[in-house]
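Biologist: I would like to learn how to read a model like this one. Can we take it feature by feature?

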Amino acid sequence: MATFTKRVIAGSDDGYKLDTTWNGTEVNINLGKGFWSNTIGFRITDVTIPAGSTINSASITLTQRGSWSTNSVVNKIYGIDEDNTLTMTNDPTGRTKTSANLDWDFSATADNATHVSGDITSIVQEIIDRGGWASGNAMGFLILDDGSTQTVGFDAYEGDSNACPLLTIDYTATGSPSSSISPSSSISLSPSISPSASPSPSPSPSLSESPSPSPMSPFFGMRVAKVGKDALKTDNPSDMVFDSDYGTLKYFDKQTLEISFDADTGDITGKATYTHDLGYYPFVEVFTRVYIGSPSGNYEYCPFWGAGISVQYHANYSITTTDITVYGEIDGVSTSVWNFDFLIFIYKNDLKLD
Amino acid sequence: MTQQVIKVAKKGKSAHSTDPNDFVFHSEYNTFKILLEGTKSATLSATTADQSFTQAHGLESFTIPIVVAFAKRDGVNQVFAPNSFDVEAWGEKAGMSGDIIFNYVKADSTNIILNFDNDGAEEDVDIRYFLLG
């Protein structure tokens, strides 16, 4: 188990909304409702919790700024349901909220008193479980009024950078030891598999010649080490040709497209389209060669720009959820027929850029 | 001692083949492992060139990995790659230019660095990045 604790670290990362006005640069951030409702928004940057981690507990701490008698506030905490939420420079209250939420009702005490929320594990877990979450991303929260009749103020980053919103998370990272799994289930490269073996869904864990003691954490997964490396003695993915802790590109298809246009007739650009119909934006790599006359030249990584004596040429591509369109274009003086050949490699890795 | 291997042949191919293209996995050949995958949102200032955005990758203990990224403007259903401009406006003879140019993506020992030009109004761009090693 590990603990992540961090405050807001920039004035642009917290603020509050009073009625319809977002206040992102004041020394205080307010909750509750006087005449109008308040909503606090903040984000914590560089949250170094790996994807797939299990959240054990989490909380938000606010520090009271000033005396507010015994005013009480009735709130509801939400996470911002985004992989890597942006700054709070602009009003963030319209961003998608997590399904998980938590009621947080409390009364003001004294200036500089800290107020710690209840357990927001389910909110943090929902963000960590997003497909696009990655260690180092920013995590955001909104604290909405939920029926208050009074207001309480707290330190914003601009008011006190050592007392602004604090996020505390206890978590267990993926691959950490779990008492419910026996270390004997660990699988590493098995030299006993015959070179001619057919693919098998259950490779034999027969390399169980009692690994020597090592400071590494137990590993639960499958690794195939590079020649000269020992899958039981290293966690470094650079030492593996395969490691089930890390995803791979899922090769789907290779396609070719060609464009040809005659600059002598005024054509200087062309495009061609391949329909993949995957229904999402796939990971794509494209290579291009450009030539006049017979096919020649080397394929280059696309997009690229090139130039001759009197002509610039450019190849490009775009991806939609149904198509990949390649483009070729020249600019300058030419009377030739230009040809662009494209090699397109498509992987079934969803870019998740909806 | 003979070096042992694990091979998984493609459908219809023999595991005895000596052509690595016949395999979906072959332990004598490295595979790209996705060390890190994530998204970043960036607001591009209006009419400003050479705008860089950084994202800590937390892989300081590794050699600098291969980084690949794709960008998409908010409200535009096309994804484009580095060394490229957004091609929404690209029509016949549209000219070799666009409002937004995704100049490059690179990684140093601590950060992923993404660089854009924007000749138009302020724009939000979503980026998905992959660190492969």
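Modeller: Start with a sheet, and bear in mind that the model is predicted. Read a sheet by its strand order. Here six strands form an open sheet in the order β3-β2-β5-β10-β7-β8 of chain A, with antiparallel pairing.

Biologist: Which strands are the edge strands of this sheet?

Modeller: Look for strands that pair on one side only. In this sheet they are β3 (21-23) and β8 (97-107) of chain A.

Biologist: By how many degrees are neighbouring strands of this sheet turned against each other on average?

Modeller: By 20 degrees, direction ignored.

Biologist: How do I read one pair inside the sheet?

Modeller: Count bridges, then pick a partner. Strand β2 (residues 14-18) and strand β5 (residues 38-47) of chain A run antiparallel, and five bridges join them. For one register point, take A:Y16: its bridge partner in β5(A) is A:I40.

Biologist: And side chains along a strand?

Modeller: In a regular strand, side chains alternate between the two faces of the sheet.

Biologist: Which strands does helix α1 of chain A lie across?

Modeller: Name the helix, then the strands, then the angle. Helix α1 (residues 121-128) of chain A lies across β7 (72-80), β8 and β10 (137-145) of chain A. Against β8(A), the helix runs at about 155 degrees.

Biologist: How many helices and strands does chain A have?

Modeller: One helix and 23 strands.

Biologist: What is the order of the four-strand open sheet in chain A?

Modeller: The order is β16-β23-β18-β19, and the pairing is antiparallel. Its edge strands, each pairing on one side only, are β16 (251-262) and β19 (300-302) of chain A. Neighbouring strands in this sheet are turned by 30 degrees against each other on average, direction ignored.

Biologist: Where can I check the register here?

Modeller: Try β18 (residues 282-292) and β19 of chain A, an antiparallel pair with three bridges. A:V286 has A:C302 as its bridge partner in β19(A).

Biologist: What share of chain A do buried residues make up?

Modeller: Burial is a count of neighbours. Of the 354 residues in chain A, 36% are buried. Sequence separation is another thing to read. Take the contacts in chain A between residues at least 6 apart in sequence: 72% of them join residues at least 24 apart.

Biologist: Now chain B. How many residues are in the hairpin that joins β8(B) to β9(B)?

Modeller: For a hairpin, read both strands and the link. Three residues connect β8(B) to β9(B). Strand β9 covers residues 111-118 of chain B, and seven bridges join it to β8(B) in an antiparallel pair. One bridge sets B:K106 opposite its partner B:I113 in β9(B). Strand β8 (residues 100-107) of chain B also pairs with β7 (residues 84-85) of chain B, antiparallel, over two bridges. There, B:S84 has B:F102 as its bridge partner.

Biologist: How many residues does each chain give to the contact?

Modeller: Count each side. Chain A gives 45 residues and chain B gives 45 residues. On the side of chain A that touches chain B, β14 (240-243), β15 (247-248), β21 (311-319) and β22 (323-332) each give two or more residues. The largest share, five residues, comes from β21(A). By class, this side has 22 nonpolar, 17 polar and six charged residues.

Biologist: Which strand of chain B do bridges join to β15(A)?

Modeller: Bridges can cross between chains too. Two of them join β15(A) to β3 (residues 33-44) of chain B, and the strands run antiparallel. To find this pair, go to A:G247, whose bridge partner in β3(B) is B:I34.

Technical notes: Residues are numbered from 1 along each chain as its sequence is written. Chains are lettered from A and ligands numbered from 1 in the order in which they are written. This is a predicted model: local features need pLDDT of at least 70, side-chain atom pairs count only at pLDDT 80 or more; totals for chains, interfaces and linings use all residues. Two residues are in contact if their C-beta atoms, placed from the backbone, lie within 7 Å. Ala, Val, Leu, Ile, Met, Phe, Trp, Tyr, Cys and Pro count as nonpolar, Asp, Glu, Lys and Arg as charged, and the others, Gly among them, as polar. Two strands pair if DSSP finds at least two bridges between them. Axes are lines fitted to C-alpha atoms, for helices over the stretch in contact, and angles run from 0 to 180 degrees between N-to-C directions. A residue is buried if 20 or more other C-beta atoms lie within 10 Å of its own, exposed if 12 or fewer, and partly exposed in between; C-beta atoms are placed from the backbone.
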